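Visitor: I am new to this structure and would like to understand the terms used to describe it. May I ask how each label is justified?

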Amino acid sequence: MGIIKVIDTSAVAALLFGEPEGEQAAALMDNCELTAPPLLQFELANVCLIKCRRHPEQRDKLLSAFNLRKQLGIREIAVNQGEVVLLAEKTGLTAYDASYLWLAHVLDAEIVTFDRKLREAAATAGTR
């Protein structure tokens, strides 16, 4: 597992909650070391909450899927918040999305995301 990738909420949520991009996310995550800023856990919790509110009949299934995140082995790495703010200003991203971009830059890693703005910012910044 030598390849390091930064994975964002959109990709993890697609996999965990069976979204249309779930299979693509699984393929992109295969045979690599996954990393993310610690905020990933909060963002995933919020995605789960929103889904539970929209689909209360699926609450138990959604909570079970949410708990599977621990099995993905995603290593959390703290980011430099000051640099993240500057990067967010420069790219027009939210501070949340800039956290993933900052981490990918520091680790010289590819970002696994289905977020168009984040993917475009990564391409512009020369991050894989």
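Visitor: What makes Lys5 and Glu110 a salt bridge?

Guide: In this predicted model, the closest N and O atoms of Lys5 and Glu110 are 4.0 Å apart. A salt bridge requires a side-chain nitrogen of Lys or Arg within 4 Å of a carboxyl oxygen of Asp or Glu, and the pair is therefore counted as one. Lys5 belongs to strand E1 and Glu110 to strand E4, so that the pair links distant parts of the chain, 105 residues apart.

Visitor: Why is Lys5 called buried?

Guide: The relative accessibility of Lys5 is 10%. Buried means under 20%, so Lys5 counts as buried.

Visitor: Which label applies to Glu110, buried, partly exposed or exposed?

Guide: Glu110 has a relative accessible area of 27%. Because partly exposed covers the range between under 20% and over 50%, Glu110 is partly exposed.

Visitor: How do you know that Arg59 and Asp60 form a salt bridge?

Guide: Their closest N and O atoms are 3.4 Å apart, and the cut-off is within 4 Å. Asp60, at 57% relative accessibility, counts as exposed because the limit is over 50%. Arg59, at 45%, counts as partly exposed.

Visitor: What makes Arg116 and Glu120 a salt bridge?

Guide: The closest N and O atoms of Arg116 and Glu120 are 3.2 Å apart, which satisfies the cut-off of within 4 Å. Both residues lie in helix H7, 4 residues apart, about one turn of the helix.

Visitor: How many salt bridges does the structure hold?

Guide: The structure holds 5 salt bridges.

Key
Residues numbered from 1 in each chain as written. Predicted model: local features only at pLDDT ≥ 70, side-chain atom pairs only at ≥ 80, totals over all residues. Heavy atoms only, no water. Helix = DSSP H or I, 4+ residues; strand = E, 2+ residues; numbered from the N terminus. Buried < 20%, exposed > 50% of the residue type's maximum accessible area, 1.4 Å probe, protein only.
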